Amino acid sequence: MSIDEVIELLGIRIALECHALRLAIPAMGEIDLNEAKAILQSYDDEPDPARWGAFN
């Protein structure tokens with residue numbers, strides 16, 4: 001893939017993920033929010049970017 005294709009796909013992914021979040025947030029409960037906080041903390045605690053994909 002060319003860099004332009006990668007950038008285009010990234011833009012599409014960002015748009016889709018933002019839309020999915022807008023739809024999901026109203027249905028989230030306390031357990032969901034706590035789990036999201038824990039995942040974000042895992043990102044903060046992990047210094048190796050190669051391992052960040054596992055948190056997705």
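**Exercise 1. Surface**

Task: In this predicted model, find how much area the protein chain exposes and what share carbon and sulfur atoms supply.

Solution: The exposed area of the protein chain is about 5,000 Å². Of this, carbon and sulfur atoms supply 64%. Buried residues account for 2% of the 56 residues.

**Exercise 2. Overall form**

Task: Decide whether the protein chain is as compact as a globule or more spread out.

Solution: Start with the secondary structure: the protein chain has two helices and zero strands. The radius of gyration is 14 Å, whereas the globule rule gives 10 Å for 56 residues. The value is well over the rule, so the chain is more spread out than a compact globule. The C-alpha trace spans about 40 × 30 × 10 Å along its principal axes.

**Exercise 3. Two helix residues**

Task: Place Ala 24 and Glu 35 in their helices, and classify each as buried, partly exposed or exposed.

Solution: Take Ala 24 to begin with; it belongs to helix H1, residues 3-24. Its relative accessible area is 34%. Partly exposed covers the range between under 20% (buried) and over 50% (exposed), so Ala 24 is partly exposed. From Ala 24 to Ile 7, 17 residues away in sequence, the C-alpha distance is 26 Å.

Glu 35 sits in helix H2, residues 30-45. With a relative accessible area of 49%, Glu 35 is partly exposed. The C-alpha atoms of Glu 35 and Asp 45 are 15 Å apart, with their positions 10 residues apart along the chain.

**Exercise 4. Charges**

Task: How far apart are the mean positions of the positive and negative charges?

Solution: The protein chain has 4 positive and 11 negative charges. Their mean positions are 4 Å apart.

Methods
Residues are numbered from 1 along each chain as its sequence is written. This is a predicted model: local features need pLDDT of at least 70, side-chain atom pairs count only at pLDDT 80 or more; totals for chains, interfaces and linings use all residues. Side-chain values use heavy atoms; hydrogens and water are left out. Helices (H or I, at least four residues) and strands (E, at least two) are DSSP runs, numbered from the N terminus. The radius of gyration is taken over C-alpha atoms; the globule rule is 2.2 Å times the number of residues to the power 0.38. Buried means under 20% relative accessible area, exposed over 50%, partly exposed in between (1.4 Å probe, protein chains only). Accessible areas come from the Shrake-Rupley method with a 1.4 Å probe; for residues, only the protein chains shown count as cover. Lys and Arg count as positive and Asp and Glu as negative; His and the chain ends are not counted. The place of a charge is taken as NZ of Lys, CZ of Arg, CG of Asp or CD of Glu.
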